[in-house]
Amino acid sequence: MNSSKIPMTRWPVTVSFNTTHLFHKYFFFLATLMSVDAVFGAHGPSLVVREDGLSFKPLTLVFAFADEDRKRILLGMKKRGFGKGKFNGFGGKLEKGETVEEAAVRELQEESCLDAKELQQIGRIFFEFIGNSIVLEVNVFEVTKWTGEPKDTEEMAPRWFDTDSVPFEQMWADDKHWFPFLLAQKRFSGYFLFDGESTIIKHILKEENHGGKEAPTNNAEDNDRRSSVMTKQDSNDGNSDSDHNFTSFDALVEEMSNQ
């Protein structure tokens, strides 16, 4: 998540007009913009621009559970860049030619060293920020079957938490609102409008109802270097759950405006 605004607390408190201070401030500003672009990726290959001027950036967010009992969840402390110092799931941008499922598997392995063996999308959240035309489309996945051991990487420091002790005070402001859906295995869609990095102006969350039946699925094997990963897909046309069975951005915004 991100904002077009840079919090004032990030700037040096003591104002000085000497050249050394201005030099350091300039490079601090550049570093901040680089962390912003790392998330929004305005020129990334997966950015979708609509006629109304809004651009949509698909991202992945993966949560691994210790086992099928789902009593422990793996979170990662961000060690650098945007979100440094916060616990989150594992994920990021899509690389050229990737599906969201492939990106989710890759990001989990790169950031935690776990190799997913079964992956299921459980949610999709849209994040919009005042003053920014890019909407982040975050595809939320859960993994209960995996191999390997969680290890520190350059990006993240993985740590197991009991599901009744999730450290929301060290996470993004929105997490506490939608985590109950994830922990209860309820498929959901959501929209959050932010002002800055921590102020939620308004939001909507809804459980996706499929008439009391499981969404149509078919197991498909990933044939690249992340072989044997099973992803649940729509049986009608082979497209992934990221494209089906979740409420659209426009429908969520309309529903929220009518509340």
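The paragraphs below follow the salt bridges through this predicted model.

Taking a side-chain nitrogen of Lys or Arg within 4 Å of a carboxyl oxygen of Asp or Glu as the criterion, the count for the structure comes to 14 salt bridges. Among them are three pairs, which are taken up in turn here, and a network that joins several residues.

A good place to begin is the pair formed by Glu142 and Arg70, whose closest N and O atoms are 2.8 Å apart. Glu142 belongs to strand β6, which covers residues 134–147, whereas Arg70 sits in the loop between β2 (55–65) and β3 (72–78), so this salt bridge ties together parts that are 72 residues apart in sequence. Glu142 is buried, with a relative accessible area of 7%, and Arg70 is likewise buried, at 8%, both values falling under the 20% cut-off for that class.

The side chains of Glu155 and Arg80 meet in another salt bridge, with an N to O distance of 3.1 Å. Here Glu155 lies in the loop between β6 and β7 (156–162) and Arg80 in the loop between β3 and β4 (87–88), so that the pair ties together parts 75 residues apart in sequence. Arg80 has a relative accessible area of 42% and is therefore partly exposed.

Turning to Arg50, its side chain meets that of Asp52 in a salt bridge of 2.5 Å, N to O, and Arg50 counts as partly exposed because its relative accessibility is 25%.

Finally, there is a network of salt bridges in which Arg106 is linked with Glu95, Glu98, Glu107 and Glu110.

Definitions and conventions. Residues are numbered from 1 along each chain as its sequence is written. This is a predicted model: local features need pLDDT of at least 70, side-chain atom pairs count only at pLDDT 80 or more; totals for chains, interfaces and linings use all residues. Side-chain values use heavy atoms; hydrogens and water are left out. Buried means under 20% relative accessible area, exposed over 50%, partly exposed in between (1.4 Å probe, protein chains only). Helices (H or I, at least four residues) and strands (E, at least two) are DSSP runs, numbered from the N terminus.
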